[in-house]
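Reader: I should be grateful for a close look at a single part of this structure. Please describe that part and then what surrounds it.

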Protein chains: 4
Amino acid sequence: MSQLDSPSAPTQRNNSKQAQKARETRQRILQAAVQVFSEEGFAGARIDRISRAANSNDRMIYYYFGNKEQLFIAVLESVYQGFLDAEQQLQLNLDDPWQALEQIITFTFDYYLEHREFVAILGDENLHQAKHSRQSEHIQQISSGIQSQLARVVAAGQQQGLLRADIDISMLYLTISSLTYFYCSNQYTLSVFMNQDLNSDSFRQQWRANAIEVVRDTVKA
Amino acid sequence: MSQLDSPSAPTQRNNSKQAQKARETRQRILQAAVQVFSEEGFAGARIDRISRAANSNDRMIYYYFGNKEQLFIAVLESVYQGFLDAEQQLQLNLDDPWQALEQIITFTFDYYLEHREFVAILGDENLHQAKHSRQSEHIQQISSGIQSQLARVVAAGQQQGLLRADIDISMLYLTISSLTYFYCSNQYTLSVFMNQDLNSDSFRQQWRANAIEVVRDTVKA
Amino acid sequence: MSQLDSPSAPTQRNNSKQAQKARETRQRILQAAVQVFSEEGFAGARIDRISRAANSNDRMIYYYFGNKEQLFIAVLESVYQGFLDAEQQLQLNLDDPWQALEQIITFTFDYYLEHREFVAILGDENLHQAKHSRQSEHIQQISSGIQSQLARVVAAGQQQGLLRADIDISMLYLTISSLTYFYCSNQYTLSVFMNQDLNSDSFRQQWRANAIEVVRDTVKA
Amino acid sequence: MSQLDSPSAPTQRNNSKQAQKARETRQRILQAAVQVFSEEGFAGARIDRISRAANSNDRMIYYYFGNKEQLFIAVLESVYQGFLDAEQQLQLNLDDPWQALEQIITFTFDYYLEHREFVAILGDENLHQAKHSRQSEHIQQISSGIQSQLARVVAAGQQQGLLRADIDISMLYLTISSLTYFYCSNQYTLSVFMNQDLNSDSFRQQWRANAIEVVRDTVKA
DNA sequence: AATGAATGAGGTTTCATTCAT
DNA sequence: TATGAATGAAACCTCATTCAT
C-alpha cells in the first residue's frame, strides 16, 4: 500500500533471492524498531534490543539505516504512512452524513486503540517538539486526508440541512482527534487522577458513545 | 499549600540555618529535575545536567533522592501536587453555572498551556504505563478535585433548568480534559498532520472558544 | 586486660560522663569495624556500613581514627591483642606434658573456631602482604607468647623422657598452627575440593583428634 | 589439558584469523584478571587495571565476561582447573610408597609456592564463604584427584606393611594440605607473630623437611 | 549480505572524605 | 561531642558506533 519504500542507501531494486532476503531483513528491523521505540521512547530504546528483536544484529541497523536517529525517522515515516494508508481505506457513505460522521470518529478511535505504537511514538515525538519529523522531507509533505473527507461529509450534511452552517473543519477535526486520542494516550495517568479503570470494555464503550454524542451535539443544525 | 513535603531521608524539621540551606538545595535539585525531565523524558534526562542546572553536583542528587528513579518519582509527586493545589484555588461562582463551567475549562486549558512541564512529564509517564506513579504511595492516594467541583456546577445548572438531566460527570470531565490537553500535548505533530501553526495566538483563541462551545452544546438542556 | 587503649588523637583521660560516652562510642565503632572488615575485607568494607553498625555516623570514624586505613590498623591491633590476651590466660599443667600439649592445640583450634573475625582479618592482611601490620609500631613489637609456653612444655616433656630430644620449637609451633588454622580458614573452598561438609560436628571432632594425634606422633620419644 | 574452554557468550569455535585473535584477547584478559584479583582481592581489584594489564579496554571485559563477578568466576574456574591439571601430571612410583608420599607433599608444597595467585584467590574466596564458587556449575563438579592418588599410595604402603592399617584418607589429605598451604598463605602475618623471616631459603627447606617428617611419623606402621 | 570484534565516550552510582555548625 | 551537608574522584557498566573480515 505504502509508497514509502525508503530511500536508504542499500536495497537495490533487483529481484534476486538475495535482494529479497535483504528486503525482509530491513523490514524485520523496521518492525522491531517500531515496537521497541514505542515501548521505550527514542532515548530509552536500545539498538541491541531492536536488533535482537529483529533476529538480526546491531551492525545491520547501521547498514540499512545509518544510525539510531535515521532509524527513528524511518519508523516515524512508517507509522505516519500506516495511518494515512488506513485513512484512505475509509469508504464513507455521504448519503447519510450522520453515519459518515460516526464512521470517521469510530475509525479514528479504533485506529488509536489498535495502534498503541502510533500513539506512543507520536507522544515521544511531541516530547522532542517533532524534531525528528522535521528532518524528514517525506514527512514534511504529509497531511492527513481526514480533513478533506470531513469537509465533504460536512458539506453533504449542510446541504441536507442536518448540520450547522458555520462549521470550521479544522476545529471539528481537532475536536474529534482530541476526544479519541486523549483517552488512548493518557489512560495510565488518568486512572491515577480519576480513580477508575478506563481500560474496561464497558468504560470504553461508554466513552466511544459519548465522543460521538459530543460531536453530534456540536455540529447539528 | 502543598502537603507534599516529601519525607526523603535527610532534611529534618530543624530550623537551623544549615537545615534551611539544605532544604533550598533539595528544592533547587527538584526544580531542575522537573525542567530537565520534562525536556528530555526519563531516559533522555542526564543526572549531571540536572545537577548543573541546580547549581549543585551529582552526588547531592543521590544524597537527597537516592537514585534517578526516585528523583523522577519526587518530580511526579511535585507536579501532580502542583496541579491539585492550583485546582483548589479555583473559586467557582455557582450562581452562574455557565460561567462556572467556562471557568473550569479555562482554568484547565490555561494550566496545561502554562505548565508544559506537567504535560510533558505526564506524557513520559504514560509512555511507561505509569510505572513510576505506581511506585509512589502518595500518588496512589491522589485524585483530582475537579470532578467534584464539576459535579457541584452541574447540579446547580440542572436545578436552574439550564443543563441536561442525564449528565455523566466522568464523561464530562474526560471531555473537558481531552479538549484542553490534546491541543497542548500534540501541538508539534498536529502541525505536521494539519499543515497549520497551532501555536499562534489567534488559533489558540479560536480553539479555546471552540472547546467551550463544544462543552456547552453537550450539556445544555 | 589489653594495654591497647589506642594512641589515636582524641579521647582525653578525663573521667567525666562525657569522656565515658566518648570512649564507648569509639569502642562501638571499633567493634563494628572488626565485624565489617572481617566480613568484607579491607577493600570491600564500607565506612558507612561500619558507622551504621556502630550506631554512629561516618564523621565519627574520622574523628576517632583519622581514616579508613588507620581504622583498619586499630582493628588489627585489637584482634592481635585479643589473641595475645587469650594466650596469656592459658594455664598449663607442666606436670603432665601430654596434657599440656593437648591444651595448647585445643586452645589454638578453639580460638580460631570462635574468632572467625581474627582468621578473616589475618587472611586479608596476608593478601596485602601485611602492609597494614607494618604500619603499626605497636604491632611490630608483638610476638606470640605461645612459642615460649611451648618451649617450656617441650623441656618438661624431654626431662621426663617422653619427648624427642631434637624438637625445633619454631617447627612445632608452625605445625600446630597449620593444623588448626587451615581447617578454619579454608573450610569453604575445601568443601569444594573435598566434596564433604567440613563444618559438621562429627567432622570437626574427628579433625581435632587427628591434629592432636599428628602432633603427638611427631614429638614422642 | 584443561577441559575448561569456557563457553562464555562470544568466541565461536570458528578458526578464522579473527576468531583466533578473539581467543587471544579473551585469554589475555583472563590472565590479567588472575594477576590483579590475586593481588587485590575481588573488591580491591579494578576493572580498568585489569583491562590495561591485558592491553585491552574495559569494554572488552564486559564483552567477554559480562561483569566483574562473572570475570571472577572465570578466574576461579581457571585457577582451580590449573591445579587439577597439575595434579594429573603427577606420576607416582607406587613401588616405593615412602617416595610417592614425599612426591605428593612436595608437589603440593611447590604448587602453592609457585602459584601464589592460586593461594591468594582461594583466600579471597574463603573470605566470602565461597560465594563465587557456588555460582559456577563447573566448579560444583570439581573435586581434587589427589585424595584418590593418596588412597592408592596408602594402600600400597599398607600392603608392604610400611604404613598403619587405620589411616583415614580425608584426614591425611587435610594434614598434608594444612602443612603445605598455611606456610604459603600466612607468611606475612606469621612473620609478625614469630619474629622471623619465613621466606628465607633455609627456613623454607627446613619447613619442607619438617612437613614430610610430620606426615611420615603419623602414617608409619 | 552478514557478523564477530573492538572502541571511546559517557552514564549512573558509590566511596572516602571534608566542611560547617 | 556529634552530625547533617557537601564534594570530587573514581568505580562499574552501557551505549551507539566502527572495523575487519
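**A helix of chain C and its surroundings**

Author: Helix α11 of chain C, which spans residues 201-219, has 19 residues and reaches 28 Å from its first C-alpha to its last, close to the 27 Å expected at 1.5 Å a residue. The model is predicted. Among the buried residues of α11(C) are C:Phe203, C:Trp207, C:Ala211, C:Val214 and C:Thr218. Charged side chains also occur in this buried set, including C:Arg204, C:Arg208 and C:Asp217. The buried residues of α11(C) pack against α5 (97-114) and α9 (169-185) of their own chain, and also against α9 (169-185) and α11 (201-219) of chain D.

One residue of chain D illustrates this packing. D:Ser178 lies in helix α9 of chain D. Because its relative accessibility is 0%, D:Ser178 counts as buried. Leaving aside neighbours within four places in sequence, D:Ser178 is in contact with C:Trp207, as well as with C:Ser178, C:Leu179 and C:Phe182.

The DNA may be considered next. DNA strand F is surrounded by 33 residues, and the closest are A:Arg46, A:Arg59, A:Tyr62, B:Arg59 and D:Arg59. The residues of this surface divide into 14 nonpolar, eight polar and eleven charged. Of the strand F atoms within 4 Å of the protein, 62% belong to sugar or phosphate and the rest to bases. A polar side-chain atom of A:Arg46 lies 2.6 Å from a phosphate oxygen of strand F, and for A:Tyr62 the corresponding distance is 3.1 Å. At A:Ala45, a polar backbone atom is 3.1 Å from a phosphate oxygen of strand F.

Notes. Residues are numbered from 1 along each chain as its sequence is written. Chains are lettered from A and ligands numbered from 1 in the order in which they are written. This is a predicted model: local features need pLDDT of at least 70, side-chain atom pairs count only at pLDDT 80 or more; totals for chains, interfaces and linings use all residues. Side-chain values use heavy atoms; hydrogens and water are left out. Helices (H or I, at least four residues) and strands (E, at least two) are DSSP runs, numbered from the N terminus. The expected span of a helix is 1.5 Å times one less than its number of residues. Buried means under 20% relative accessible area, exposed over 50%, partly exposed in between (1.4 Å probe, protein chains only). Contact means heavy atoms within 4.5 Å. A residue is near a molecule or strand if one of its heavy atoms lies within 4 Å of it. A polar contact is a pair of N or O atoms within 3.5 Å; within protein, one must be able to donate a hydrogen and the other to accept it, and residues adjacent in sequence count only if both atoms are side-chain atoms. Ala, Val, Leu, Ile, Met, Phe, Trp, Tyr, Cys and Pro count as nonpolar, Asp, Glu, Lys and Arg as charged, and the others, Gly among them, as polar.
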